[in-house]
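User: Please take a close look at one strand of this model and its surroundings. I would like the cover, the pairing and any pocket beside the strand treated together.

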Amino acid sequence: MFGRLAATRLPEIRQIFRQAPPQTSRSFSTALNYHIDTPDNNSELPWEFSNANKDKVKEILSHYPSNYKQSAVIPLLDLAQQQHGGWLPVSAMNAVAKVIGVAPIRVYEVATFYSMFNRQPVGKYHLLVCGTTPCMIRGSREIEDALLKHLGVKRNEVTKDGLFSVGEMECMGCCVNAPMITVADYSNGSEGYTYNYFEDVTPKRVVEIVEALRKGEKPPHGTQNPNRIRCGPEGGNTTLHGEPKPPPCRDLDAC
Ligand code: FES
């Protein structure tokens, strides 16, 4: 069925591919897929959890059986990333490996698999644009373009003042309010770390959010569409205006 449909629309499909812009390089959602030693990122540099975070490490480990400490790898990497201003140098990954008693490669495997872990510096505000299909159909490419143009950076590059970087994330479970971005805020260390969703954004609105953050303001997160309440339909409910009627056979006296 699909084959027959595709065959009848072949000329149209060919035309679409002819019009597609040439792909010069693949765009990855994470910046780095390998490690090369640099002066600010090598295993000789000391790294340990801060005193406050050592207590958090104990608390995280207490959620797992003592012979399954390695299960804590993701929350510990997350804590390390928050402490280190939003990224994970190799020495932080090694410190996590030591805490959970595994070979460092076990931690590298996790940190390189999940795009939430950054392995190169990010801005104090790391802006993550959802690039998955529902957000893409609703304009996420224009959102990303607006951010990159306004900040004068490429994807995964940090602005000169160190304040902002723009990355891509896959579906963050908020498709009903697509397109959306997340702001990972590392400006107040791991104590003040926040990870907020801004939904129903437009190119103009994301630039306003950036400028508000630059001024130290806290723009309201959630939907940015004033005509919606959370995930409700724009303009109010379209169904369920009153008490729904029960199924006909529930009124046993009337049956
Ligand atoms: S596709 Fe963007 S939140 Fe699901």
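Analyst: A residue is called buried under 20% relative accessible area, exposed over 50% and partly exposed in between, with a 1.4 Å probe and protein chains only. Strands are DSSP runs of E of at least two residues, helices are runs of H or I of at least four, and both are numbered from the N terminus. The model is predicted, so local features need pLDDT of at least 70 and side-chain atom pairs count only at pLDDT 80 or more, while totals for chains, interfaces and linings use all residues. Residues are numbered from 1 along each chain as its sequence is written, and side-chain values use heavy atoms, with hydrogens and water left out.

The strand chosen here is β3, residues 180-185. The chain around it has 9 helices and 5 strands, in the order α-α-α-α-α-α-β-α-α-β-β-β-α-β. Of its 255 residues, 37% count as buried.

In β3, 6 of 6 residues are buried. In a regular strand the side chains alternate between the two faces of the sheet. One side of β3 carries M180, T182 and A184, the other I181, V183 and D185, and both faces are covered.

Two strands pair if DSSP finds at least two bridges between them. β3 pairs with β1 (residues 125-130) in the antiparallel sense over 5 bridges, and A184 stands opposite H126 there. β3 also pairs with β4, again antiparallel, over 6 bridges; in this pairing V183 faces N196.

N196 leads on to the largest pocket, since N196 is among the residues nearest the pocket centre, together with D185, T194, L213 and K218. A pocket, on a 1 Å grid over the protein atoms alone, is an open set of points where a 1.4 Å probe fits, with protein on both sides within 12 Å along at least five of seven lines; lining residues have an atom within 4 Å of a point. The volume, about 170 Å³, is the space filled by probe spheres set on points joined across faces, edges and corners.

The lining comprises 13 residues. β3 and β4 (194-199) each supply at least two of them, and β4 gives the largest share, 3 residues. By type, the lining has 5 nonpolar, 5 polar and 3 charged residues, where Ala, Val, Leu, Ile, Met, Phe, Trp, Tyr, Cys and Pro count as nonpolar, Asp, Glu, Lys and Arg as charged, and the others, Gly among them, as polar. D185 thus belongs to both parts of the account: it is buried in β3 and lies among the residues nearest the pocket centre.
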